[in-house]
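These entries record what I looked up in a structure that was new to me. I set down each point in the order in which I examined it.

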Amino acid sequence: MYGANSYVIRLATDADAAALARLADLDGTAPLDGEVLVGELHGDPVAALSLSDDRSISDPFRPTAHLLATMRVRARGLQAVAHMPSLRERLIAGLPTTYRARIAGRRA
């Protein structure tokens, strides 16, 4: 297992096309389309996750299970921000309904 600072998770750019094609070839699946998160382990791209269909590809010769799990959490965070940009509103939405009613009463 690797510490959270052992890898980098970032959005893919056009410069990552060759690395994503290599990962898809190693994984034996089709390349990912759309917006993609790339996971790097010690500077090498070893995993990728599609934000549109949640499909992943990874290097089968490297330990990527923990990295992919962390990438899925990051993807959910990006989707939450896209759905509801306000941090305050996201936090309130996560509270039980009884607390939300009290907070809504304060705003009135």
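In which sense do β3 and β4 pair, and over how many bridges? I note at the outset that the model is predicted. I found that β3 and β4 pair in the antiparallel sense, over three bridges. As one position in this pairing, I looked up Ala-47, whose bridge partner in β4 is Ser-58.

**Entry on the hairpin of β3 and β4.** I counted five residues between the strands of this hairpin. Asp-54 is found in the loop between β3 and β4. I noted its phi, which is positive at about 65° although Asp-54 is not a glycine. I also looked up its exposure: Asp-54 is partly exposed, because its relative accessible area is 31%, and the range for that class lies between 20% and 50%.

**Entry on β2 and β3.** I turned next to strand β2, residues 36-41, which runs antiparallel to β3 and is joined to it by six bridges. Leu-41 stands opposite Asp-44 in β3. The hairpin of β2 and β3 has two residues between the strands. His-42 is found in the loop between these two strands, and its phi near 55° is a positive value in a residue other than glycine. Is His-42 buried or exposed? I recorded it as exposed, because its relative accessible area is 55% and the class begins over 50%.

**Entry on the cover of β3.** How many of the seven residues of β3 are buried? I found six, so strand β3, residues 44-50, is mostly covered, where buried stands for under 20% relative accessible area.

**Entry on Pro-63.** I located Pro-63 in the loop between β4 (56-58) and α2 (65-83). Pro-63 is partly exposed, with a relative accessible area of 46%. I then compared its position with that of Ala-47, 16 residues apart from it along the chain, and the C-alpha atoms of the two are separated by 9.8 Å.

**Entry on α2.** This helix has 19 residues and reaches 27 Å from its first C-alpha to its last, close to the 27 Å expected at 1.5 Å a residue. Which residues of α2 are buried? I listed Leu-67, Leu-68, Met-71 and Ala-75. Seen down the axis of α2, its buried residues fall within an arc of 90°, so they line one face of the helix. I recalled the general rule that an α-helix has 3.6 residues a turn, so residues three or four places apart point the same way. On the other side of α2, I found Ala-65, Val-73 and His-83 exposed.

**Entry on Asp-27.** Asp-27 lies in helix α1, and I recorded it as partly exposed, with a relative accessible area of 29%. Its C-alpha atom and that of Ala-75, 48 residues apart along the chain, are separated by 21 Å.

**Entry on the largest pocket.** I looked up the space in the largest pocket, which is about 160 Å³. Its lining consists of Ala-12, Thr-13, Asp-14, Ala-17, Leu-20, Ala-21, Pro-31, Leu-32, Gly-34 and Val-36. I sorted the residues of this lining into seven nonpolar, two polar and one charged. Which helix gives the most to the lining? I found that helix α1, residues 17-27, does so, with three residues.

Note on methods:
Residues are numbered from 1 along each chain as its sequence is written. This is a predicted model: local features need pLDDT of at least 70, side-chain atom pairs count only at pLDDT 80 or more; totals for chains, interfaces and linings use all residues. Side-chain values use heavy atoms; hydrogens and water are left out. On a 1 Å grid over the protein atoms alone, a cavity is a set of points where a 1.4 Å probe fits but cannot get out, and a pocket is an open set with protein on both sides within 12 Å along at least five of seven lines; lining residues have an atom within 4 Å of a point. Grid points are joined across faces, edges and corners, and a volume is the space filled by probe spheres set on the points. Helices (H or I, at least four residues) and strands (E, at least two) are DSSP runs, numbered from the N terminus. Ala, Val, Leu, Ile, Met, Phe, Trp, Tyr, Cys and Pro count as nonpolar, Asp, Glu, Lys and Arg as charged, and the others, Gly among them, as polar. Buried means under 20% relative accessible area, exposed over 50%, partly exposed in between (1.4 Å probe, protein chains only). Two strands pair if DSSP finds at least two bridges between them. The expected span of a helix is 1.5 Å times one less than its number of residues. The arc is that of the directions from the helix axis to the C-beta atoms.
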